[in-house]
Amino acid sequence: MSPSDRAETEFLRALVDVAGDALMVIDADGTMRYASMGLTDFAGASTAELVGLDSTVLFHVDDRRALLNEVRQMVASDVKRLMLDGRIVSRTGDVRTVQLEVVNERENPAIDGIVIIVHDVHALRDAQAQAQAASADRALLANTSARFANSTVDDTERDLHETLDDLCQHGGISRALLWSPDEFDRFLVANDESHEADGHALGPQLPDLPLAVLRSVAPDFFLGALIDAQIGGDHEEVVRAVSVPDGPPLRRLLLVPLRLAGSLVGMLTLKPSEPDRRFTKDQLDVFSGIGSVLANAIGRRNAERALAHQALHDPLTGLPNRSLLLDRLGLALARSVRTGENVTVMLIDLDGFKDVNDTLGHGAGDELLRIVARRLQQTLRDADSVARLGGDEFVVVAETSSDALHAGTVAGRILESLREPVRVANQNVTVSGSIGVMVGNAQQDQTIDAATLLRKADIAMYRAKTSGRNRIEVFSDEMEDRILRRFALLEDLQRGLLADEVVAWFQPIINVATGSLIGFEALARWMHPTRGIIPPIDFIELAEGSGIVHTLGRRILEQALSSLAAWHRDGVVDSSVTMSVNVSVRQLLSHDFVELVAQTLADNSVDPHCLHLELTETILADRKLATGPLLRLRDLGVRVSIDDFGTGYSSLSYLRDLPIDCLKIDRSFVQGLGSDRRDSALVGAVVTMALELGLDVVAEGVETPEQFAQLERLGCQQAQGFLFGRPGPASEVAAAVGLIALGTRTPAIEPSAAR
């Protein structure tokens with residue numbers, strides 16, 4: 001080579017080295033004939049060390065065979081130039097991704113080899129990968145937003161699972177967990193490398209993960225911070241606590257708080273596939289955005305669940321309400337069809353609950369109901385259900401009860417639990433229960449349904465209530481027949497009131513000392529078109545129980561005062577003659593009763609002193625509530641009598657506490673006058689006590705001269721009964737007044753309790 005050629009060659013080689021291109025020339029068998037200075041940066045060796053080596057040793061062991069085959073095929077063909085991807089490994093083990101530009105210059109006598117130009121694309125590829133990852137991250141956020149935008153509440157659980165699955169498949173995340181907010185002691189949903197669908201299966205593996213991490217490395221989490229938590233160093237105890245058994249320790253976690261309207265509704269935990277991976281700010285923003293989407297979805301689901309719970313549960317006790325009870329009863333009956341097992345319904349009505357409400361207040365009543373609800377739940381088996389229908393009524397549904405006897409045993413345990421004293425409003429309160437039991441079997445009777453079971457249990461409970469309370473009654477067909485007859489009679493009574501069939505009849509009241517007429521008692525009679533005259537004993541209790549007693553009572557009051565006004569005006573009776581009208585406690589306690597009395601007196605121009613209202617001793621049960629209207633009646637000038645004295649509560653304290661003017665001794669005590677020393681003693685004691693208290697006394701049910709004589713001897717002031725006149729319509733009053741004026745006494749042939 002001439003000096004000038006040598007100089008030119010050195011110039012070109014220096015130029016290549018200065019340009020920094022990584023370049024090599026190899027022969028057909030791969031031996032390196034030339035290596036530029038740029039190539040030495042890749043290989044970590046000098047050009048002198050590289051020349052003469054097998055060029056394939058520079059490349060990753062997994063790439064060598066493929067690269068060599070490509071070069072050989074190029075040599076054997078007419079291909080002049082090709083591009084290949086590969087990885088160069090330095091002597092220190094560093095791996096760099098490169099692109100190889102292979103040019104066949106064997107025909108060029110100046111080169112006579114294969115030129116391989118090495119392009120460093122590692123940084124470019126890394127930037128491209130980051131751009132693609134960022135685009136994928138944004139796509140993941142967009143897909144998550146779209147998924148929940150079109151999701152229903154019923155789909156929330158499925159969509160949460162799919163989102164976590166997307167996170168795990170997205171790349172770089174090996175486990176995604178979604179925790180509940182209640183101390184983070186349970187999973188909402190979870191996905192991991194094993195694609196475990198049931199988050200609870202991971203619980204034993206990570207028993208204390210969230211709390212340990214939050215307390216140790218993420219104290220700002222509850223303030224809403226997204227935490228890229230490095231675990232280790234000072235947290236070796238935490239590392240041991242959160243290590244998966246037989247697996248590597250968790251060195252890095254991403255904790256995403258799920259916050260909604262300032263409240264924490266959950267936590268998203270992401271475990272990177274690479275233990276030391278760090279997340280970029282853009283990635284953290286994406287995960288934070290996904291957390292916001294999940295928080296909204298969970299919040300919406302929680303709100304829907306809360307509304308559903310409120311719709312199906314009693315807000316006071318938390319027990320199922322009627323709707324949920326009927327649903328559970330329906331399911332129990334469906335099982336009964338398949339299994340033949342009985343379904344038992346027990347309807348429980350508390351005895352004495354109204355007294356607690358009235359004396360201690362509604363707050364105490366509410367607390368009592370909550371305590372009763374807990375007691376019922378503690379008394380029953382796990383398989384049994386208890387619900388609150390409303391008020392003080394509860395229902396127990398028990399399956400697999402063998403028969404009514406076994407059901408009665410269960411009901412007995414409930415009664416015992418109810419009888420235990422309860423502490424409410426700093427008072428010891430004791431209540432009991434009336435329980436109606438209905439045992440049904442849907443396999444034996446496929447016509448039975450939930451509503452029927454409840455209705456028949458209610459009938460049995462009513463029987464327990466009317467039979468003395470604090471007892472258990474099992475439904476029978478005879479009970480239902482009686483109830484149906486009552487309902488039929490009630491419906492007929494409502495019709496009769498509209499048709500003016502219920503009218504007032506009148507029975508005289510006389511002065512025992514003078515035998516003169518001093519008043520009348522108005523007594524309701526139902527003039528039935530087919531059954532004839534029906535006495536009040538057959539329908540008054542029914543009217544009081546149904547509430548139509550208000551209509552009936554108003555009718556009798558209006559007729560009584562209208563009749564009295566006419567008799568006064570026409571001179572049939574003296575203007576001092578009074579009218580007694582029976583009033584139920586329900587009437588007295590109605591908000592407008594006193595106004596109704598005042599208006600009726602005014603409409604008929606009757607002196608209020610001529611009206612006596614008769615109440616039974618059941619007023620004692622509502623003494624506190626009754627005092628107000630009774631005082632207002634007294635201010636009005638109306639007098640009040642206690643009817644059937646001696647048969648009710650028999651407490652004398654109310655004679656002192658309530659504004660009472662008169663006692664009416666019940667006919668059951670009068671019947672024995674002259675023949676039973678005990679009755680005579682009792683009547684005498686009542687008369688003496690009443691006179692000492694300044695009260696008038698009326699003896700009811702006087703039917704014989706002997707009874708009348710005893711009353712005179714005992715000092716009784718007033719009397720009424722068949723001896724002086726039977727109840728009759730207003731048209732017969734004039735004749736009755738005439739007989740009384742003549743002193744006529746008509747002993748009863750058949751004593752009767754009918755009033």
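Here are a few notes on aromatic pairs and one loop residue in this predicted model.

1. Start with the aromatics. Searching the whole structure turns up four aromatic pairs. One of them is F520 with W567, a tilted pair with 5.1 Å centre to centre and 55° between the planes. Distant parts of the chain are linked here: F520 belongs to strand β19 (residues 517–528) and W567 to helix α17 (residues 549–570), 47 residues apart. Both F520 and W567 are buried.

2. Next along strand β19 comes W526, which pairs edge-to-face with F539, at 5.8 Å centre to centre and 80° between the planes. F539 sits in the loop between β20 (532–534) and α16 (540–546) while W526 lies in β19, so this pair ties together parts 13 residues apart in sequence. W526 and F539 are buried too.

3. Don't look at F520 and W567 as a pair alone. Together with F506, F520 and W567 make up one aromatic cluster.

4. A ring can also have a charge for company. Take F722: the charged end of R726 sits over the F722 ring, 4.2 Å from the ring's centre.

5. Away from the aromatics, have a look at N321, found in the loop between α9 (281–312) and α10 (322–339). Is N321 buried or exposed? With a relative accessible area of 15%, N321 comes in under the 20% cut-off, so N321 counts as buried.

6. What does N321 touch, once neighbours within four places in sequence are left aside? N321 is in contact with Q310, A311, L312, H313 and D314, and also with A387 and R388.

Key:
Residues numbered from 1 in each chain as written. Predicted model: local features only at pLDDT ≥ 70, side-chain atom pairs only at ≥ 80, totals over all residues. Heavy atoms only, no water. Phe/Tyr/Trp six-rings, centres within 6.5 Å; stacked < 30°, edge-to-face > 60°. Helix = DSSP H or I, 4+ residues; strand = E, 2+ residues; numbered from the N terminus. Buried < 20%, exposed > 50% of the residue type's maximum accessible area, 1.4 Å probe, protein only. Lys NZ or Arg CZ within 6 Å of the ring centre and 35° of its normal. Contact = heavy atoms within 4.5 Å.
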